[in-house]
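Here is a guided walk through one protein model and the ligand it holds. Keep the structure open as you read, and follow along at your own pace.

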Amino acid sequence: MALTLASAQTIFSSTQVPSPIPATIALFEQLDVDDQLAFLWFAYTEMGKTITPAAPGAARLQFAEGLLGQIKSMPQPEQTQVMRDIASCADTPSGRTYAAFSVNTKLAFWYELGEFMKQGIVAPIPPGYQMSIGVRALLESVQQLDPGQQITVLRNTVVGMGYDVSAQSPSSYPTSEPLFERTVPAPTKVAIEGVTEPAVLGYIEAMNTDNFDAAVALFADNGALQPPFQKPIVGRDAIKQYMQSEAQGLNMMPQQGITESREDGSKQLKVTGIVQTPWFGVNVGMNISWRFLIDGQGKIFFVAIDMLASPQELMNLRRI
Ligand code: 45D
């Protein structure tokens, strides 16, 4: 019987513990826009006491410079309004410009705006701002998350902002992204306890050298990759575009896994480990799992990347 995407998505589903991230983001979305901006500000500055993102280079900032320049030249009330418009996904010129940025450019835009707010070049959170109960509760729950989960909450809220005119076309990843320099060298030796599958080892090795051609060559023709909290991306071309836009400079450190053979000659593997983003380098490790379905020809038919609910989940490789 041919492998199907729907059945591939369910592999190892009984071992998956729900991540607290979607629930946190749902709470964030219930806040009004001023509270959202305030929450992000306090979460970001609080987090900044222990971990700060690497400053985005000029090559990446160039895409955001037009919008940043416009904001800088506005009177403060208008600056605040632009931030509100972007955060509330309003249909405005700035909202449209922002939505067309890649994920990393969106992050770079807010990084720079945060710096401007600290320097007083852009309107800060109003000095008399009183935290609402909702903001306070959300900040408290975010403090319970591990650092990898905290930065994922920030990233995913930022990604969802802006007015996306092309929301219906998932193939529209921005091209010509500047390279994202690794802040730390990638691990060179890949050894995963319990895993010898060449496609899996080759995948990690290719990703750690940003060799996305080699990575997608390991996929079956109609193979699929499912990023955390997203729908699967199907086909080599679409996967490669996605990787170029969102997977540059990631350090992947799988630690252990299990391999199970299936009756039809395919194999399913669950691998757990740590991923570092070039935004935070060695300072933040994200606990994740990869769930691979390898077809009878040794090609990747499906891989899902999931954020783990807790570090304990790294060891959770039993089927039952
Ligand atoms: O609104 O195998 C202010 C895939 C206040 C590929 C602010 C992967 C106002 C395949 C503070 C200014 C990619 C799926 C805002 C693996 C305001 C694969 C600013 C996984 C917003 C393993 C806020 C990769 C700021 C993973 C500046 C899991 C926030 C990658 C900045 C995960 C936040 C990467 C930053 C993550 C967050 C990166 C820089 C979670 C970066 C997060």
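The report below starts with the ligand, moves on to the sheet, and ends with a loop residue.

## The model and its ligand

Please keep in mind that this is a predicted model. A good place to begin is the ligand, which has 29 residues around it. The closest of these are Leu 37, Leu 40, Tyr 44, Tyr 203 and Trp 290. Of the 980 Å² of accessible area that the ligand has on its own, the protein covers 97%.

Two of those closest residues also offer polar atoms to the ligand. In the side chain of Tyr 203, an N or O atom is 2.6 Å from an oxygen atom of the ligand. For Trp 290, a polar side-chain atom lies 3.0 Å from a ligand oxygen.

## Who builds the shell

What is the make-up of the shell in terms of nonpolar, polar and charged residues? It divides into 24 nonpolar residues, three polar ones and two charged ones.

Several elements take part. At least two shell residues come from each of helix H3 (33-47), helix H8 (103-119), helix H10 (147-159), helix H13 (236-246) and strand S5 (286-294). H8 gives the largest share, with five residues. If you prefer to think in domains, both domain 1 (21-159) and domain 2 (175-315) supply at least three residues each to the shell.

## The sheet as a whole

Now turn to the strands. Six of them form an open, mixed sheet, and their order across it is S2-S1-S6-S5-S4-S3. Strand S2 (233-234) and strand S3 (251-261) stand at the edges with a single partner strand each, so one side of each has no neighbour in the sheet.

## Strand S1 and its two partners

Strand S1 (residues 219-226) runs antiparallel to S2, and two bridges join them. To find this pairing on your screen, look for Ala 224, which stands opposite Val 234 in S2, and for Leu 225, which stands opposite Ile 233 in S2. The two strands form a hairpin with six residues between them. In the turn, Phe 229 has a positive phi of about 60°.

With strand S6 (residues 300-307), S1 runs parallel, and four bridges join the pair. Leu 225 appears again here, as it stands opposite Val 303 in S6. Is S1 mostly covered or mostly open? S1 is mostly covered, with six of its eight residues buried.

## Strand S5, between S4 and S6

S5 deserves a second look, as this strand also supplies residues to the ligand shell. Nine of its nine residues are buried, and both of its faces are covered. One side carries Met 286, Ile 288, Trp 290, Phe 292 and Ile 294. Asn 287, Ser 289, Arg 291 and Leu 293 are on the other side. Trp 290 is thus a familiar name: it is among the residues closest to the ligand.

S5 is joined to S4 by nine bridges, and the two strands run antiparallel. Lys 267 stands opposite Ile 294 in S5. The pairing of S5 with S6 is antiparallel too, over seven bridges, and Phe 292 stands opposite Val 303 in S6. S5 and S6 make a hairpin with five residues between the strands, where Gly 298 takes a positive phi near 80°.

## Gln 268 in strand S4

Gln 268 sits in strand S4 (residues 267-276). Is Gln 268 buried or exposed? Its relative accessible area is 5%, and since buried means under 20%, Gln 268 counts as buried. Its side chain makes a polar contact of 3.0 Å with the side chain of Arg 262.

## Ser 88 in a loop

For the last stop, go to the loop between helix H6 (76-87) and helix H7 (93-99), where Ser 88 is found. Ser 88 has a relative accessible area of 38% and is partly exposed. A polar atom of the Ser 88 side chain lies 2.8 Å from the backbone oxygen of Arg 84.

How far is Ser 88 from Lys 231, going by their C-alpha atoms? The separation is 23 Å, for two residues that are 143 residues apart along the chain.

Note on methods. Residues numbered from 1 in each chain as written. Predicted model: local features only at pLDDT ≥ 70, side-chain atom pairs only at ≥ 80, totals over all residues. Heavy atoms only, no water. Near = heavy atom within 4 Å. Polar contact = N/O pair within 3.5 Å; in protein donor to acceptor, adjacent residues only side chain to side chain. Areas by Shrake-Rupley, 256 points an atom, 1.4 Å probe, with all protein chains shown as cover. Nonpolar A, V, L, I, M, F, W, Y, C, P; charged D, E, K, R; others polar. Domains from an automatic or database assignment. Pairing = 2+ DSSP bridges. Buried < 20%, exposed > 50% of the residue type's maximum accessible area, 1.4 Å probe, protein only.
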